[in-house]
Amino acid sequence: MTQLALVIDLNVCVGCQACVTSCKEWNTAGSAGPMGDQNPYGADPTGTFFNRVQTFEVGEFPNTETVHFPKSCLHCEDPPCVPVCPTGASYKRKEDGIVLVNYDKCIGCKYCSWACPYGARELDEQQQVMKKCTLCVDRIYDMSMVEADRKPSCVKACPTSARLFGDVHDPESEVSIAIRESGGYALMPEWGTHPANHYLPRRKTRIKIHEDELERAGNPLKVDRQLPRPALNEPTLDDVTTW
Amino acid sequence: MHPAFSVIFLTTLIGTAQGLFLALFTAQSYAAFKLLPQPDAHAFYGQGSLLALALLVGGLVASFFHLGHPERAWRTATKWRTSWLSREVIVLPAFMGVVFLYGLAHWLDWHPVLMTLPGGLPVDPTAILGVAGTLLAFALFVCTAMIYACLKFLAEWHSPLTVINYILLGGASGFSLAAAFAAFTAPELVGFLAGWAAIITLLGLISRSASLYRNARLKPKSTMQTAIGIKHPRIVQKAQGFMGGSFNTREFFHGQPVAVLRGVKWFFLLAVFPVPILLLFFGVQGSIGALVLAFIAQYAGLMAERWFFFAQANHPQNLYYQSIA
């Protein structure tokens with residue numbers, strides 16, 4: 001069984017909000033209707049978004065780190081928002097595990113938003129139905145696009161490749177390997193919702209460079225060891241020969 | 001959570017109606033066993049059912065204001081296998097239908113003997129409808145309360161006490177209303193109904209106090225650490241992704257200072273429990289005004305109680321919305 005999901009790498013997210021605007025741009029132009037804004041140029045603007053990037057500061061000055069945290073529907077494997085829906089408008093697709101809302105069936109009772117611990121669902125004030133991330137379901141199966149474009153628009157927009165997309169049930173997929181090898185984790189595991197989306201933690205990147213990696217040991221052009229020794233930036237045999 | 005007045009009116013109005021119906025049928029059952037004098041059936045049972053029906057219709061109308069698409073409300077009856085909200089939507093009209101038929105049977109004096117209980121007690125349609133209505137009234141209490149109690153993320157609601165409170169508080173207000181109503185239509189029943197109203201109110205005080213005690217000692221299961229998955233004791237939100245409001249900041253926060261919350265709590269603790277009991281006591285001494293006031297005070301208190309019920313519930317999603325920028 002397929003379970004499509006996003007894996008978000010907090011180590012490389014720079015909080016540029018490109019995924020937020022790209023998501024809004026694609027989905028507000030979609031066949032399911034616009035994501036309405038209210039009072040967009042006024043003092044108190046508001047509107048529907050499927051994806052937000054939040055910022056948290058971890059630690060105490062001066063030992064702090066700024067963590068940018070993209071937040072959207074996690075497409076839980078056991079989604080608590082689905083069984084509470086009285087009309088069946090909220091459902092999880094069997095074929096790819098995407099949790100969707102049927103906007104023609106939704107009565108806008110907001111009950112599903114109460115049942116989601118992550119606050120992933122929003123009532124669209126204009127259409128008066130619940131909306132949430134669709135994993136760009138109208139994009140990832142669109143055969144009129146070249147294959148490289150059949151990805152959620154947030155993934156396409158990310159300049160640092162912090163967002164990966166794929167099937168987390170396929171152990172050989174890019175996302176499964178990332179979760180397995182980079183310590184991917186789920187949010188609020190205490191509720192047993194088993195979110196399909198995972199996050200990769202912040203990592204310390206350290207590179208140790210040894211001196212003999214900067215200067216080639218046994219450089220044949222310097223083999224006579226005469227003084228003065230040639231400077232490090234003078235050519236080696238590697239630089240003057242094409243092998 | 002942000003208390004919605006549509007839901008406050010819905011739950012308090014139908015709770016009172018259910019309690020009122022239970023009071024009517026309790027009186028009828030006692031009278032059938034000759035434990036109470038037989039009241040004027042037209043006035044007490046007939047008009048009483050009409051009053052209960054009016055409250056149920058009022059609650060139903062209020063509930064529509066909670067929906068974004070009320071014209072699709074019929075669809076809510078489809079997912080009764082999994083959704084308590086769907087179950088409530090089925091049980092509520094069924095209960096309304098039975099209350100209507102119960103009142104109609106009393107109004108038309110329709111008392112053909114359908115069967116006879118051992119001991120020679122005749123069973124007529126009003127008794128059958130009364131039993132059906134009683135079962136549906138309890139089913140509706142359970143459905144309404146389970147809508148909230150089944151949400152495990154909202155620890156304040158996720159408790160059997162929620163169901164007990166809905167039953168007892170709805171029952172108390174219904175019996176109080178029945179006592180005030182009986183003062184006009186069946187004065188011989190006032191003492192009986194006021195007595196039960198006071199008893200159920202006291203039981204409600206115990207269960208509501210128990211849930212307040214429980215909720216004051218809850219430890220949230222989710223923390224900032226599990227919310228974003230970073231294991232550090234000090235995490236401070238610096239931006240929530242927008243500076244205007246969103247659905248997340250409107251729906252899940254009551255937006256009132258702690259003092260208001262505390263004030264509402266003490267108001268409902270007084271208006272729902274001791275004040276009505278005192279007024280019921282004066283009512284039994286013969287003051288119709290005190291009986292009417294007892295119900296009005298208790299109903300106003302219950303609206304505050306329901307407001308507090310919503311406001312006190314702390315949703316884990318609020319962890320993501322702690323500071324604007």
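In this predicted model, strands β4(A) and β5(A) pair in the antiparallel sense over 10 bridges. The two strands form a hairpin with 2 residues between them. Strand β4(A) also pairs with β3 of chain B, again antiparallel, over 4 bridges. The points below take up this hairpin, the contact between the chains, chain B as a whole and several individual residues.

**The β4–β5 hairpin of chain A**

- Strand β4 of chain A covers residues 51–60, and strand β5 covers residues 63–72.
- Across the hairpin, A:Glu60 stands opposite A:Asn63 in β5(A).
- A:Pro62 lies in the loop between β4 and β5 of chain A.
- The peptide bond that joins A:Phe61 and A:Pro62 is cis, with omega about 5°.

**Contact between chains A and B**

- Chain B puts 44 residues into the contact, and chain A puts in 45 residues.
- On the chain B side, α3 (84–107), α7 (224–228), β3 (235–239) and α8 (247–251) each supply at least two residues.
- The element of chain B that gives the most to this side is β3(B), with 5 residues.
- By class, the side of chain B that touches chain A has 17 nonpolar, 20 polar and 7 charged residues.
- Where β4(A) and β3(B) pair, A:Glu57 stands opposite B:Val236, and A:Val58 stands opposite B:Ile235.

**Strand β1 of chain A**

- Strand β1 of chain A, residues 4–9, is mostly covered, with 6 of its 6 residues buried.
- In a regular strand the side chains alternate between the two faces of the sheet.
- On one side of β1(A) the buried residues are A:Leu4, A:Leu6 and A:Ile8, and on the other they are A:Ala5, A:Val7 and A:Asp9, so both faces are covered.
- Strand β1(A) is joined to β10 (residues 163–167) of chain A by 5 bridges, and the two run antiparallel.
- Strand β1(A) is also joined to β11 (residues 198–200) of chain A, here by 3 bridges and in the parallel sense.
- A:Ile8 has a partner in each of these strands: A:Arg163 stands opposite in β10(A), and A:Tyr199 is the bridge partner in β11(A).

**Fold and dimensions of chain B**

- Chain B has 11 helices and 3 strands.
- From the N terminus on, the order of elements is α-α-α-β-β-α-α-α-α-β-α-α-α-α.
- The radius of gyration of chain B is 22 Å, which agrees with the value near 20 Å that a compact globule of 325 residues would have.
- Along the principal axes, the C-alpha atoms of chain B fill a box of roughly 75 × 45 × 35 Å.
- Of the 325 residues of chain B, 49% count as buried.
- Among contacts in chain B with a separation of 6 or more, 77% are between residues 24 or more positions apart.

**The largest nonpolar core**

- In soluble globular proteins, nonpolar side chains tend to be buried together.
- The largest nonpolar core has 161 residues, and those that touch the most other members are B:Ala178, B:Ala179, B:Ala182, B:Leu193 and B:Ala197.
- Helix α5 (residues 160–185) of chain B gives the most to this core, with 15 residues.
- Beyond its neighbours within four places in sequence, B:Leu193 is in contact with B:Ala23, B:Ala27, B:Phe175, B:Ala178, B:Ala179 and B:Ala182.

**Individual loop residues**

- B:His158 lies in the loop between α4 (125–149) and α5 of chain B.
- With 16 other C-beta atoms within 10 Å, B:His158 is partly exposed.
- B:His158 touches B:Ala149, B:Leu151 and B:Lys152, leaving out residues up to four places away in sequence.
- The C-alpha atoms of B:His158 and B:Phe21 are separated by 28 Å, and the two residues are 137 residues apart along the chain.
- A:His75, in the loop between β5 and β6 (90–92) of chain A, has phi near 50°, a positive value in a residue other than glycine.
- A:Ser161, in the loop between α4 (153–157) and β10 of chain A, likewise has a positive phi, near 55°.
- A:His75 is buried because 26 other C-beta atoms lie within 10 Å, where 20 or more is the requirement.
- A:Ser161 is exposed because 10 other C-beta atoms lie within 10 Å, where the limit is 12 or fewer.

Notes
Residues numbered from 1 in each chain as written. Chains lettered and ligands numbered in written order. Predicted model: local features only at pLDDT ≥ 70, side-chain atom pairs only at ≥ 80, totals over all residues. Rg over C-alpha atoms; globule rule 2.2 N^0.38 Å. Contact = placed C-beta atoms within 7 Å. Nonpolar A, V, L, I, M, F, W, Y, C, P; charged D, E, K, R; others polar. Pairing = 2+ DSSP bridges. Core = buried A, V, L, I, M, F, W, Y, C linked by C-beta atoms within 7 Å.
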